[in-house]
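Let us take a walk through this protein together, one part at a time. Keep the picture open as you read, and turn it whenever a new element is named.

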Amino acid sequence: MGEGMSLSSTDVTVYNIIREIIGQKTIDDFSKVILIPDPLSSFGETGVSRAHLSISLFLTLYADLLERVPHAKKYFDRKLEDEKSITFDHGAVRTVLSDRTGTLPAGEESLTRILKALGYFHNHTYPLEKLKMTGRSYTQADFPELIPQYFVSEFHPEKVGDADFEKAVIDVVELSVDPLSEQTLEDIEYLLENKSLPRDRCSEFLANCASAFQRQQPVAKLDDSKLLLTHAQEMAWIATEGNAFNHATDRVKNLNSTVDEENELGMPMKETIEVSKTGRVLQTAYKADPIERPFTDKNGNIIQVDVPGSFFEFIERKIDPETDKLDLQFDASNATGIFKMTEGDH
């Protein structure tokens, strides 16, 4: 088990406040596999801290990913059967920076307004030039090494330099709808001021926040999606998956050993391991699982098409000798390589 982490009872606060969202069976399984920061393994008081809420939201989003990504579920089920654990490192999400996103705040703001209320701060920025994107890491201030980070990326349509492409992007996102209720927006303000939330508000708050990590725009037109694919597969992915978890990540002690084990089991592993310039951050992943998604054809009919969905990632982090702490940074080259997992077959 990771230092400062342990398995927790199903009755602790982080599970109690999402019981109605993800269900008792999922919580029973999670309690046997997923490591929770020791400081958050208490039952909590009337006011639930932003750190407790942070873990609970991540668990909710992970539960959703398991429903969409069969190979991530196989990995989890194997850990459950073998009585082994998972240490969450980060989750990744994609957004579009455009001034035509309906009532949804543009770009990362649609999600970072939630993360900031949960105590996350902008840690580093990573230009992803080849992808026409910018990535930013967000780290939880209370327990930075123990609570999983978020890697939030913004796609920049104008960097493609194609007017038809930009029109297709607008066609996809301009009717986006903000999923957050007035009550949730008030709760965000309360959290920012008090760093905790009354217990009776937590479940509804987390359910509404989790809905922000979904697709907020209508079903895409098939012709628009085909045009997006010609220039940016990442934008085509956003057209069907929206702001859903692109991937979640298990922090492992020895990535090479993990890769050998996964390959022996015939899992759909990336062919190579991405290594940061510092040599301290190593990453690889499963290839994205295909998922059936609806599109609108030229006649306005809904058709179903298989597209790349989300995936599951593995990361090994080494100690930074200058700080004697775990290196929590990411790497632009690593991220670019990992993002290719959603290219798949369209």
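Helix α13 is a good place to begin: with four residues, α13 gives the largest share of the lining of the second largest cavity. Before going further, keep in mind that this is a predicted model. The cavity that α13 helps to line has a volume of about 60 Å³. Around this space you can find His90, Phe151, His247, Gln283, Glu313, Phe330, Asp331, Asn334, Ala335, Ile338 and Phe339. Sorted by class, this lining has five nonpolar, four polar and two charged residues.

Where does α13 lie in relation to the strands? Helix α13, residues 332-339, lies across β4, β5, β6, β7, β9, β10, β11 and β14. Its direction makes an angle of about 80° with β5.

Now turn to the sheet itself. Eight strands form an open sheet with mixed pairing, and their order is β5-β6-β7-β4-β9-β14-β11-β10. At the edges stand β5 (120-128) and β10 (274-275); each has a single partner strand, so one side of each is left without a neighbour in the sheet. Helix α11, residues 233-241, also packs on the sheet, where α11 touches β4, β6 and β7. The direction of α11 makes about 90° with that of β4.

Strand β4 (88-96) deserves a pause. Are its residues mostly covered or uncovered? Nine of the nine residues in β4 are buried, so to speak of β4 as mostly covered is fair. On one pairing, β4 meets β7 in the parallel sense over seven bridges, and here Val93 stands opposite Val152 in β7. On another, β4 meets β9 in the antiparallel sense over three bridges, with Gly91 opposite Ala248 in β9.

Follow β7 (149-155) onward and you reach β6 (133-140), which runs antiparallel to β7 and is joined to β7 by six bridges. Here Val152 turns up again, as the bridge partner of Arg136. As you trace these strands, a general point may help: in a regular strand the side chains alternate between the two faces of the sheet.

Let us return to the empty spaces. How many cavities of 30 Å³ or more does the structure hold? There are four of them. The largest cavity contains about 110 Å³ of space. Its lining is made of 15 residues, and those nearest its centre are Thr95, Val96, Leu104, Gln217 and Asn243. By class, six of the lining residues are nonpolar and nine are polar, while no charged residues take part.

Our last stop is a pocket. The second largest pocket has a volume of about 330 Å³. Its lining counts 19 residues, with Ile22, Thr60, Ala63, Asp64 and Glu67 nearest its centre. Which helix gives the most to this lining? That is α4, with six residues. At least two lining residues come from each of α2 (19-22), α3 (24-30), α4 (50-68), α5 (70-82) and α9 (199-211). By class, this pocket lining has 10 nonpolar, four polar and five charged residues.

Terms used
Residues are numbered from 1 along each chain as its sequence is written. This is a predicted model: local features need pLDDT of at least 70, side-chain atom pairs count only at pLDDT 80 or more; totals for chains, interfaces and linings use all residues. Side-chain values use heavy atoms; hydrogens and water are left out. Two strands pair if DSSP finds at least two bridges between them. Contact means heavy atoms within 4.5 Å. Axes are lines fitted to C-alpha atoms, for helices over the stretch in contact, and angles run from 0 to 180 degrees between N-to-C directions. Buried means under 20% relative accessible area, exposed over 50%, partly exposed in between (1.4 Å probe, protein chains only). On a 1 Å grid over the protein atoms alone, a cavity is a set of points where a 1.4 Å probe fits but cannot get out, and a pocket is an open set with protein on both sides within 12 Å along at least five of seven lines; lining residues have an atom within 4 Å of a point. Grid points are joined across faces, edges and corners, and a volume is the space filled by probe spheres set on the points. Ala, Val, Leu, Ile, Met, Phe, Trp, Tyr, Cys and Pro count as nonpolar, Asp, Glu, Lys and Arg as charged, and the others, Gly among them, as polar.
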